[in-house]
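Me: Could you take a close look at the aromatic rings in this model and walk me through how they pair up? I'd like the geometry and the burial together, please.

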Amino acid sequence: MTTITAQQFLGLLVITFLGASATGSEVTSNVTLDVNEIPQRYDEAQLWRIYNISEGLQQKVPVGEVLENKFGGNIWKENSKFLDISISRDQLKAARSFLSAHRLDAEVLSDNIQAMIDEEMMEGIRETAASDGRRTKKATRSNMHWKDYHDLETIYGFMREIRSKFPNIVRLYTIGQTAEGRDLKVLRISENPRENKKVWIDGGIHAREWISPATVTFILYQLMSNWENQPAHIRGLTWYIMPVMNPDGYEYSRTTNRLWRKNRSLSRRSQCNGVDLNRNFDIGWNGYGSSTNPCSDTFRGTSPASEKETKAVAEFLSKRKYNLEAYLTYHSYGQMIVYPWAYKAVKLKDSPVLQRVASLAADRIAQKTGSTYRAAVTHEVLGVAGGGSDDWSRAALGVKYVYTVELRDRGAYGFVLPPRYIKDTALEGWTVAETVAQAIKPSSDNP
């Protein structure tokens, strides 16, 4: 049997993509491949973790911003304790000199990001191929499983499948279109939509956080694979589930740039495209933690809710705010369950209640998978940042249980989490949803 390397396989994928385009197949017709669509590689790019960046230094020299703008860095995670950032091979020496000049040092978390990306893909292919021969009755018609990450069409196919299997309690909405014309889809599950308290769950607001849509689809599967036997605190709620809030960015991260974060809206005043949707909601929009630079990964957009995706979600939920009790948004990475505020360094009056529920979820996760999650106020662990969907849902809609769940891991793989960790991570995400549901509607089967 002939074996090929991950790099060779990626080359074949690109050739296949170009060939399909040239023959006008389903991929797309009349494609003109510009430089932005050539798959971006990260050969020998390194992922660094930089500690001990003092507040004084940050005020004089914002380290992350300088590494991003001057040395082409890509910020993965930035908080009060450390900065995770990837640096391309040709900038390593210059970036190290910059750190040395400011008496900083970098721990190398990965010395070849492309190798991580290639292995992530190959592992998924191997796992999928291995399971193809042993399909069970529970296999979904849409080919959804949790041994690999899936494209948008598979995720949407799974949502359509759920609707067709449960036509009496499931409704599938198209709440709008993206900048590139893709549908924005939300599934509602409810036995009594008029009276039940409501839970909103979303994923994929940031394109590169693939574990997020995988987790949200798993939550959907956990709900519906055993709906008839779910306890009252699950069945007695109305669930709104949006696995991918940023379809354009998600697909772009799958075909072109694995580390893409923003949406794909075109900029009128820059060659750089995309807005960070989680800096685009109408709450503390022009404050800290976002950028006015269209080339930044945290570009806030030209105005609050300037983006089609943000606007569609805000309008959909504003019409359904009555009885909306929970807003859960899934991200990666960091292993945290955090709650407002993020846009200002202030605690909510009911933060003890939110802390108690988040801590209970973290304890249950530790019992189930052994993973450690931290429960905390967002600004205390992730820093101050405006324009977030979580803060907006509390401020604009009055939602009580608002949580951002930062899924696995803590930096060993970051966004490029190998598929072998999907199921346990998704179970952790489901545990949070289950715990919040129990808090909303206590029932006789509470522990």
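Reply: Let's settle burial before anything else: buried means under 20% relative accessible area, exposed over 50%, and partly exposed in between, with a 1.4 Å probe and protein chains only. This is a predicted model, where local features need pLDDT of at least 70, side-chain atom pairs count only at pLDDT 80 or more, and totals for chains, interfaces and linings use all residues. Residues are numbered from 1 along each chain as its sequence is written, and side-chain values use heavy atoms, with hydrogens and water left out.

Searching the whole structure turns up 18 aromatic pairs (Phe, Tyr and six-membered Trp rings with centres within 6.5 Å; planes under 30 degrees apart are stacked, over 60 edge-to-face, the rest tilted). Take Y240 and F316: their planes sit at 80 degrees with the centres 5.7 Å apart, so that's an edge-to-face pair. Y240 is in strand 8 (residues 237–242) and F316 in helix 10 (residues 308–318), so the pair ties together parts 76 residues apart in sequence. Those helices and strands are DSSP runs numbered from the N terminus (H or I, at least four residues; E, at least two). Y240 is buried at 4% relative accessibility, and F316 is buried too, at 6%.

W341 and Y343 also pair edge-to-face, with 5.3 Å between centres and 80 degrees between planes. Here W341 is buried at 10%, while Y343 is partly exposed at 25%.

Back to Y240 and F316: they belong to one aromatic cluster with Y173, W200 and Y327.
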